[in-house]
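Good morning, colleagues. I should like to take you through one structure today, beginning with its charged pairs and ending with its core.

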Amino acid sequence: MDETSRTRRIAQAYVETAERRDWEGFGALLAEDVVYEMPQTRERIRGKSAFLQFNREYPGDWHLKVRRIVADGRHAAAWIDARVEAEQQDACVWFELSDQGLISRVVDYWPEPYDPPAGREHLVERW
């Protein structure tokens, strides 16, 4: 399997394991020093442990489904159908993989800026 195909497969697995709440499988895709950013809320999470906790604790009945993934080398972009409760939104997620083939950076773009919900200040830094 070439690098681009592997990156595409990992991006797909990221969404699928998150949707299943398979946190062990999800964590296996992440580098220890993964950085997760949400430009709309100006939040950044550093490290696998904090990022896993953030996802495990994310509130509401949320669901994710891939519409399309485009990959090139160790970079990928995914167009995601995201639903929280009854609200459906499109999201775009950018991935960078490490030399070891693990996700080292995720940038999660949502349609509109918003204030982050309370209760996750211990996991994030604001910019």
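Asp90 is partly exposed in this predicted model, with a relative accessible area of 32%. The partner of Asp90 is Arg67: the two form a salt bridge in which the closest N and O atoms are 3.8 Å apart. Arg67 counts as partly exposed as well, at 40% relative accessibility. Because Arg67 belongs to strand 3 and Asp90 to strand 5, this pair ties together parts that are 23 residues apart in sequence.

Let me turn to a second pair. Arg74 and Asp99 form a salt bridge with 2.2 Å between the closest N and O atoms. Distant parts of the chain are linked here too: Arg74 sits in the loop between strand 3 and strand 4, Asp99 sits in the loop between strand 5 and strand 6, and 25 residues separate them. Arg74 is partly exposed, at 30% relative accessibility, whereas Asp99 is exposed, at 67%.

In a third pair, the side chains of Lys48 and Glu32 meet in a salt bridge, at 3.5 Å from N to O. Lys48 is in helix 3 and Glu32 in strand 1, 16 residues apart, and the pair again links distant parts of the chain. Which of these partners is buried, and which is exposed? Lys48 has a relative accessible area of 16%, so with the limit for burial set at under 20% it counts as buried. Glu32, at 60%, is exposed, because the limit for that class is over 50%.

These pairs are part of a wider set, as the structure holds 12 salt bridges. There is also a network of salt bridges, which links Glu37, Arg44, Arg46, Glu96, Arg105 and Glu125.

I come now to the core. In soluble globular proteins, nonpolar side chains tend to be buried together. The largest nonpolar core in this model has 35 residues, and those touching the most other members are Tyr14, Phe26, Leu30, Tyr36, Phe51, Phe95 and Ile103. Among the elements that give two or more residues to this core are helix 2 (23-28), helix 3 (48-56) and strand 5 (87-97). Which element gives the most? That is helix 1, with six residues.

Finally, consider Phe95 in detail. Leaving aside residues up to four places away in sequence, Phe95 touches Ala11, Tyr14, Arg74, His75, Ala76, Ala78, Ile103, Arg105 and Val106. Two residues in that list have already appeared among the charged groups: Arg74 is the partner of Asp99, and Arg105 belongs to the salt-bridge network.

How values were computed. Residues are numbered from 1 along each chain as its sequence is written. This is a predicted model: local features need pLDDT of at least 70, side-chain atom pairs count only at pLDDT 80 or more; totals for chains, interfaces and linings use all residues. Side-chain values use heavy atoms; hydrogens and water are left out. A nonpolar core is a set of buried Ala, Val, Leu, Ile, Met, Phe, Trp, Tyr and Cys residues joined through side-chain atoms within 4.5 Å. Buried means under 20% relative accessible area, exposed over 50%, partly exposed in between (1.4 Å probe, protein chains only). Helices (H or I, at least four residues) and strands (E, at least two) are DSSP runs, numbered from the N terminus. Contact means heavy atoms within 4.5 Å. A salt bridge is a side-chain nitrogen of Lys or Arg within 4 Å of a carboxyl oxygen of Asp or Glu.
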